[in-house]
Amino acid sequence: MKKGRVFSGARPTGKQHIGNYLGAIQNYVKLQQDYDCIYCIVDIHALTTLEDTHMLKANTYDMMLDWLAAGLDPEKSILFVQSHVPEVMELHTLLSMVTPLGWLLRVTTFKEKVKMQPHNVNYGLVGYPVLMTADIVLYKADTVPVGEDQLPHLEIAREIVRRFNNIFGPTFPEPQAKLTNFPMVLGLDGEKKMSKSLDNQIELAASAEETTRRIMAAFTDPARKFRNDPGHPEVCNVYSLHHFYTSLKLDEIAKKCRAAEIGCVECKRMLAENINKALAPFREKRAQLAEKSGYVDEVLADGARRAHAIARETIIEVRGKIGLP
Ligand code: SF4
């Protein structure tokens with residue numbers, strides 16, 4: 001039976017953190033078993049919010065190295081950089097001609113971005129869903145892994161596809177959402193989602209010492225001021241991280257915390273040990289891959305070549321359907 005084709009893209013944010021891993025990368029790795037997967041670092045999308053591009057190359061390299069060390073397999077999946085296959089820009093322009101502006105102006109994330117960067121409301125921000133649609137349908141992907149919050153974006157992609165197919169004849173499959181429960185991983189500040197820009201992250205590739213140092217400085221239950229105070233694990237950031245790395249002892253930790261039988265220092269040390277233990281194989285593999293001179297560039301070049309072959313066919317078909325001379 002022919003496998004479905006998955007497409008997913010992520011912005012080049014550099015070294016990945018455990019929030020990225022738990023929220024996306026581990027799912028990417030799993031999907032490789034049942035689908036033909038195409039995973040893309042979407043550097044053009046990054047330009048809509050970036051004002052400084054000097055880190056783009058280094059961030060792309062670090063991110064791909066992390067993906068590879070985490071188990072993305074270039075033998076199974078196509079791994080590449082969006083701008084290395086320029087046909088996506090052409091398809092974006094062609095799809096923009098069938099996309100009513102009203103659809104794009106209604107998108108919630110566009111409105112949010114306008115508020116966040118009123119000094120830089122560029123065309124790319126409003127055209128983002130069209131480029132995203134081009135990313136997916138250029139490779140005729142039929143499946144897109146998304147969280148609940150991203151469903152509206154995929155719905156626009158489906159509407160653009162329907163409109164194009166209605167006007168020019170069946171060309172693209174309507175991409176289906178593969179709903180995935182992406183756990184929300186709080187950062188070490190205990191307030192916001194883990195994010196590099198907030199400096200509240202634990203990088204997958206950090207050393208064991210650095211990981212321990214950052215966890216020991218993490219926020220915990222704000223009401224627990226002294227060692228003898230009973231704690232409230234349900235509001236504690238460290239406890240929420242134990243869910244992912246110490247799941248077998250969760251009840252015990254909660255009980256001891258509430259009874260003040262365990263101190264936060266000990267609790268954090270346990271978490272740091274477990275995270276370091278879980279990440280040791282990843283870190284070893286990453287170091288080995290980093291030693292292989294030119295390896296990441298080779299993976300990206302091969303991915304771009306394979307992606308390009310699919311993209312070329314699609315663009316020839318699309319030009320023909322539209323009737324471009
Ligand atoms: Fe949080 Fe652990 Fe301290 Fe309880 S003992 S407040 S779970 S860090």
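Here are some friendly notes on the fold and the salt bridges of this predicted model.

1. **Overall make-up.** Let's start with the secondary structure: the protein chain contains 13 helices together with five strands. Its C-alpha trace covers about 80 × 45 × 45 Å along the principal axes. How does the radius of gyration of the protein chain agree with that of a compact globule? A compact globule of 325 residues would come out near 20 Å, and the protein chain has 22 Å, so the two agree.

2. **Burial and surface.** Of the 325 residues in the protein chain, 48% count as buried. The exposed area of the protein chain is about 16700 Å², and carbon and sulfur atoms supply 55% of that area.

3. **Contacts along the sequence.** If you take the contacts in the protein chain between residues at least 6 apart in sequence, 79% of them join residues at least 24 apart. The salt bridges between helices in points 5 and 6 give you two particular pairs to look at.

4. **Charges.** You will find 41 positive and 40 negative side chains in the protein chain. The centres of these two sets lie 2 Å apart. As for pairing, the structure holds 17 salt bridges.

5. **Asp 66 and Arg 286.** These two side chains form a salt bridge, with 2.4 Å between the closest N and O atoms. Which helices does the pair link? Asp 66 sits in helix 3 (residues 56–70) and Arg 286 in helix 12 (residues 264–291), so this pair links distant parts of the chain, 220 residues apart. Are Asp 66 and Arg 286 buried or exposed? Asp 66 is buried, and Arg 286 is buried as well. Both residues therefore have under 20% relative accessible area.

6. **Arg 319 and Glu 90.** Another salt bridge pairs Arg 319 with Glu 90, and here the closest N and O atoms are 2.7 Å apart. Arg 319 belongs to helix 13 (residues 295–322) and Glu 90 to helix 4 (residues 87–96), so the bridge ties together parts that are 229 residues apart in sequence. Arg 319 is partly exposed, with a relative accessible area of 33%. Glu 90, at 24% relative accessibility, counts as partly exposed too.

7. **Around Arg 319.** Which residues is Arg 319 in contact with, leaving aside its neighbours within four places in sequence? They are Glu 90, the salt-bridge partner from the previous point, and Leu 324. You can also check the spacing to Leu 94: the C-alpha atoms of Arg 319 and Leu 94 are separated by 8.9 Å, while the two residues are 225 residues apart along the chain.

8. **A bridge within helix 13.** The helix that holds Arg 319 also holds a salt bridge between Lys 321 and Glu 317. The N to O distance in this bridge is 3.1 Å. Why are Lys 321 and Glu 317 separated by about one helical turn? Because the two are four residues apart in helix 13. Lys 321 counts as partly exposed at 30% relative accessibility, and Glu 317 counts as partly exposed at 27%.

9. **A network.** One last group to bring up in your viewer: Glu 155, Arg 158, Arg 162 and Glu 174 are linked in a network of salt bridges.

Notes. Residues are numbered from 1 along each chain as its sequence is written. This is a predicted model: local features need pLDDT of at least 70, side-chain atom pairs count only at pLDDT 80 or more; totals for chains, interfaces and linings use all residues. Side-chain values use heavy atoms; hydrogens and water are left out. The radius of gyration is taken over C-alpha atoms; the globule rule is 2.2 Å times the number of residues to the power 0.38. Buried means under 20% relative accessible area, exposed over 50%, partly exposed in between (1.4 Å probe, protein chains only). Contact means heavy atoms within 4.5 Å. Accessible areas come from the Shrake-Rupley method with a 1.4 Å probe; for residues, only the protein chains shown count as cover. Lys and Arg count as positive and Asp and Glu as negative; His and the chain ends are not counted. The place of a charge is taken as NZ of Lys, CZ of Arg, CG of Asp or CD of Glu. A salt bridge is a side-chain nitrogen of Lys or Arg within 4 Å of a carboxyl oxygen of Asp or Glu.
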